[in-house]
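Trainee: I should like to learn how the features of a structural model are read. May we go through one together?

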Amino acid sequence: MKTKAIVTGHSRGLGEAIAASLLEEGVDVLGLSRKKTTALPAGNGTSFEQIAIDLSDPAVFSDKSLADRLQTFLAGADRVLLVNNAGMVKPIGPLGTGGADAIMSAVTLNVAAPLALADLFQAVCASVADRRILHISSGAGRRGMAGWSVYCATKAALDNHARAVQEDAISGLKITSLAPGVIDTDMQADIRGASVEQFPALDEFKAMKTEGALASPQNAGAKIAAYLVSDRFGTDAVTDLRQL
Ligand SMILES: NC(=O)c1ccc[n+]([C@@H]2O[C@H](COP(=O)([O-])OP(=O)(O)OC[C@H]3O[C@@H](n4cnc5c(N)ncnc54)[C@H](OP(=O)(O)O)[C@@H]3O)[C@@H](O)[C@H]2O)c1
């Protein structure tokens, strides 16, 4: 069975680890990030392609060449995966401090792009028998956290998108929104770079780093890749990697 995966935010962090694990499992990968990477060699009969794209820019979705590129990549697959992983935690701070431009970028990257890619994915590969969409959500989408109103709202949107798409009951399509846990990536460095006035839980997150409580991207990425190709995928619209 030939499996092909589109992974957003593949250039570093969790997305890079998911892409690496998928390639190791024999899955062809197309990565979408602003920067290309040289850290993900294909091999063992797999192919690895990348597109440099700014997913916080809504204009990229008006360009038909994106749909053509995705369709060309996915051609010939028996199973296709879309991993909506790219995301940002900023702007961090209480209401009134984010600024419209930063909020628009975050909402476009964290919500509009995954929803548009999911729609495009279903449209261009509707004839593939096994289609799977994974949103990388966050525990922050399942509760409110001071300083993270934009981030919490965007991740909650992904969860409810997955619930609603599951209600569409489209034959051959499975979708899950997954909270991956707290992982040692650049995003955690962004969080620790905030002030306590912007993010009151700052000390808790600094302590997780110093106490070695952060999960490694490699471990989380390997578990997510295994889940993506497992029979369990899509059972629940909303799930948590720590409970799988
Ligand atoms: N780390 C955690 O503890 C944690 C916890 C819960 C959920 N998550 C979620 O896990 C996902 C991955 O997070 P991470 O920690 O790996 O973050 P990260 O280290 O900051 O990496 C973010 C990835 O997204 C890409 N990206 C950022 N802005 C982009 C844009 N405008 N257009 C296209 N790609 C863009 C980045 O690539 P370029 O810079 O090359 O564009 C990079 O590959 C996110 O959705 C995050 O919300 C993370």
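Trainee: Where do K64 and D68 lie, and how many residues apart are they?

Mentor: Both belong to helix 2, which covers residues 64-74. They are four residues apart, about one turn of the helix. Please bear in mind that this is a predicted model.

Trainee: What do the side chains of K64 and D68 form?

Mentor: The general idea comes before the case. Side chains of opposite charge can pair when their charged atoms come close. Here the side chains of K64 and D68 meet in a salt bridge, with 2.8 Å from N to O.

Trainee: How many salt bridges does a search of the whole structure find?

Mentor: The search finds eight salt bridges.

Trainee: Let us turn to the ligand. How many residues surround it, and which are the closest?

Mentor: A residue is counted here if one of its heavy atoms lies within 4 Å of the ligand. By that criterion 30 residues surround the ligand, and R12, R34, N85, Y151 and T185 are the closest. By class, the shell comprises 11 nonpolar, 13 polar and six charged residues.

Trainee: Which helices each supply at least two residues of that shell?

Mentor: They are helix 1 (13-24), helix 4 (149-168) and helix 5 (186-192). Helix 5 provides the largest share, three residues.

Trainee: Which polar atoms of the protein lie 2.8 Å from an oxygen atom of the ligand?

Mentor: For a polar contact, one looks for a pair of N or O atoms within 3.5 Å. In S11, a polar side-chain atom is 2.8 Å from a ligand oxygen. In I183, a polar backbone atom is likewise 2.8 Å from an oxygen atom of the ligand. Y151 also takes part: an N or O atom of its side chain lies 2.6 Å from a ligand oxygen.

Trainee: How much of the ligand does the protein bury?

Mentor: Taken alone, the ligand exposes 880 Å², and the protein buries 96% of that area. As for its location, the ligand sits in the largest pocket.

Trainee: Finally, the backbone. Which residues does a cis peptide bond join?

Mentor: One reads omega for this purpose. The cis peptide bond joins K90 and P91, with omega of about 5°. P91 is placed in the loop between strand 4 (79-84) and helix 3 (100-124).

Trainee: What is the phi of A169, and where is this residue placed?

Mentor: A169 has a positive phi of about 50°, although it is not a glycine. Its place is in the loop between helix 4 and strand 6 (173-179).

Methods. Residues numbered from 1 in each chain as written. Predicted model: local features only at pLDDT ≥ 70, side-chain atom pairs only at ≥ 80, totals over all residues. Heavy atoms only, no water. Polar contact = N/O pair within 3.5 Å; in protein donor to acceptor, adjacent residues only side chain to side chain. Areas by Shrake-Rupley, 256 points an atom, 1.4 Å probe, with all protein chains shown as cover. 1 Å grid on protein atoms, 1.4 Å probe; cavity = no way out; pocket = protein on both sides within 12 Å on 5 of 7 lines; lining within 4 Å. Sits in = over half its atoms within 2 Å of the grid points. Nonpolar A, V, L, I, M, F, W, Y, C, P; charged D, E, K, R; others polar. Salt bridge = Lys/Arg side-chain N within 4 Å of Asp/Glu carboxyl O.
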